Amino acid sequence: MNCIPRTSIQFSLLLLNLLFLSMNVSDAQPAGFLYDESKVAEYTLPDPLIALDGSRIKTSDEWESVRRPEIMELFERHMYGKRPELPGKVSYQVKSVENSVFLGKAIRKQVSIRLKNVGPGFTLNVLIYLPANAREPVPSFLGYNFGGNQSVQGDSEIFMSNTWMRSGRGEGYTNNRANEKSRGLSAKRWPVEMILDRGYGVVTLYYGDVEPDHKEGWKDGVRAHINKDEDGNTLEVEAWSAISAWAWGLSRVLDYLETDDAVDATKVAVMGHSRLGKTSLWAGASDERFALTISNDSGCGGAALSRRAFGETVERINTNFPHWFNKRFKTYNSNESALPLDQHMLISLMAPRPVYIASAQKDLWADPNGEFLSGKHASPVYELFGLRGIDAKKQPDIHHPVGSYVGYHIRAGGHDVTDYDWTGYMNFTDKHLKR
Ligand code: GTR
């Protein structure tokens, strides 16, 4: 019999322990990466206002007609891939409406978006809360959840997700599926009552409805089905990435919201945390119907500047999550300076629409200062429109939000979505969408 020597078991346990200590338990960040601001190497960012032919963009018209399309294409080619548009038939089915949740304060709707031409049974399951006392269509926040709609509130009437879920999510999840114990597990991240009290709707769905979040997930997601471009040419799987697929899904929900009289679809703020913050940014860039975009702790591949290589790097993200970005992005592993773009240009794609970037002090992995700098360096594009982005010269202290059309805050604590974050988004959104 082959037996493993005791010492080697002990050694493996020690390694496991070390790995555990170096991971995201408590506030520790993965070891072996740069967390010291004074050690960030010098870098030069591409100028969002210099066109590919070297000319300077001087007006908002030139921005819209020349530079914005160029930058969109750069992100499509080098990072997120280009998503094909939706072919054919869609149907919406309101599966349940409950007019008296939260003691009569709210209406809860559950809607299925069936995308028949994507595939039989391909459905996005959307959970919507609306303030019951609204006299007119409400501005709303739309964002993906990580654990199924039933994780958003402890409410037994919310349909249980039966889609694939990532492992390691705790006892609410077994064999990559949610169970009853997952109800309300993410409620702290979704302070629905607080949001409704401020006159907003909340719209959410599980991102795995669009594509399960693993390397082979595309096989069970939209990318397996929509695989031709406008000219009928077959697309490689990596022509568009998981992040592009998820962003595409958010646009499909917006299509539905345009048909729902209770929601003001011209005032939808797209919001996301972490990998879903990368997704909300790409959604806001790719679909200009989103009135406002919010990134929460989106980090590398989201709001953080790649060239700083602070915390999570391009190489690390491409190694751990090869499906998130396209093939070409991998050629920038340890070679960020060769990128013809950086993430401030992603933020600039929102202009003149408002964008809010939220960071957390202990979330060094997501490079809070790099997230701030992206917003700062996108600001000259807002100025073309006569709007102010971020005037602050350096990253503000915690709990001191800054910015006008580009908003930014950093709060105490780690990688998470808190009431403080939501208050920041709503203060910002009040200014821009409630006028
Ligand atoms: C981490 C990843 C980050 C971030 C995060 C999350 O493992 O390195 O880029 O997206 O996951 O989505 O929670």
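Visitor: With which side chain does the side chain of Tyr 200 make a polar contact?
Guide: This is a predicted model, in which local features need pLDDT of at least 70 and side-chain atom pairs count only at pLDDT 80 or more, while totals for chains, interfaces and linings use all residues. Residues are numbered from 1 along each chain as its sequence is written, and side-chain values use heavy atoms, without hydrogens and water. A polar contact is a pair of N or O atoms within 3.5 Å; within protein, one must be able to donate a hydrogen and the other to accept it, and residues adjacent in sequence count only if both atoms are side-chain atoms. At 2.6 Å, the partner of Tyr 200 is the side chain of Asp 430.

Visitor: Is Tyr 200 buried or exposed?
Guide: Tyr 200 sits in the loop between helix H3 (192-197) and strand E7 (201-206); helices (H or I, at least four residues) and strands (E, at least two) are DSSP runs, numbered from the N terminus. Its contacts (heavy atoms within 4.5 Å), leaving aside neighbours within four places in sequence, include Pro 131, Phe 141 and Lys 434. Buried means under 20% relative accessible area, exposed over 50% and partly exposed in between, with a 1.4 Å probe and protein chains only. Because the relative accessible area of Tyr 200 is 0%, the residue is buried.

Visitor: What distance separates the C-alpha atoms of Tyr 200 and Ser 140?
Guide: Ser 140 is among the residues in contact with Tyr 200. Along the chain the two are 60 residues apart. Their C-alpha atoms are separated by 5.0 Å.

Visitor: Which helix gives the most to the largest nonpolar core?
Guide: A nonpolar core is a set of buried Ala, Val, Leu, Ile, Met, Phe, Trp, Tyr and Cys residues joined through side-chain atoms within 4.5 Å. The largest has 90 residues, and Trp 248, Val 253 and Leu 257 are among those with the most contacts inside it. With eleven residues, the helix that gives the most is H5 (residues 242-257).

Visitor: How far is a polar side-chain atom of Glu 312 from an oxygen atom of the ligand?
Guide: Glu 312 is one of the residues surrounding the ligand, where near means that a heavy atom lies within 4 Å. Side-chain N or O atoms of Lys 278 and Trp 365 also approach ligand oxygen atoms, at 2.9 Å and 3.0 Å respectively. For Glu 312, the distance is 2.5 Å.

Visitor: What percentage of the area exposed by the ligand alone does the protein bury?
Guide: Accessible areas come from the Shrake-Rupley method with a 1.4 Å probe; for residues, only the protein chains shown count as cover. Taken alone, the ligand exposes 310 Å². Of that area, the protein buries 80%.

Visitor: Which side chain is joined to that of Asp 367 by a polar contact?
Guide: Asp 367 lies in the loop between strand E10 (355-360) and helix H9 (368-384). It is buried, because its relative accessible area is 1%. Beyond its neighbours within four places in sequence, Asp 367 is in contact with Ala 304, Leu 305, Arg 308 and Phe 310. The polar contact, 2.8 Å long, is with the side chain of Arg 308.

Visitor: What is the phi of Asp 297?
Guide: Asp 297 is placed in the loop between strand E9 (292-296) and helix H7 (314-320). Its relative accessible area is 1%, so it counts as buried. Although Asp 297 is not a glycine, its phi is positive, at about 45°.

Visitor: Which residue is joined to Ala 351 by a cis peptide bond?
Guide: The omega of this bond is about 0°. The partner is found in the loop between helix H8 (343-348) and E10. The residue joined to Ala 351 is Pro 352.
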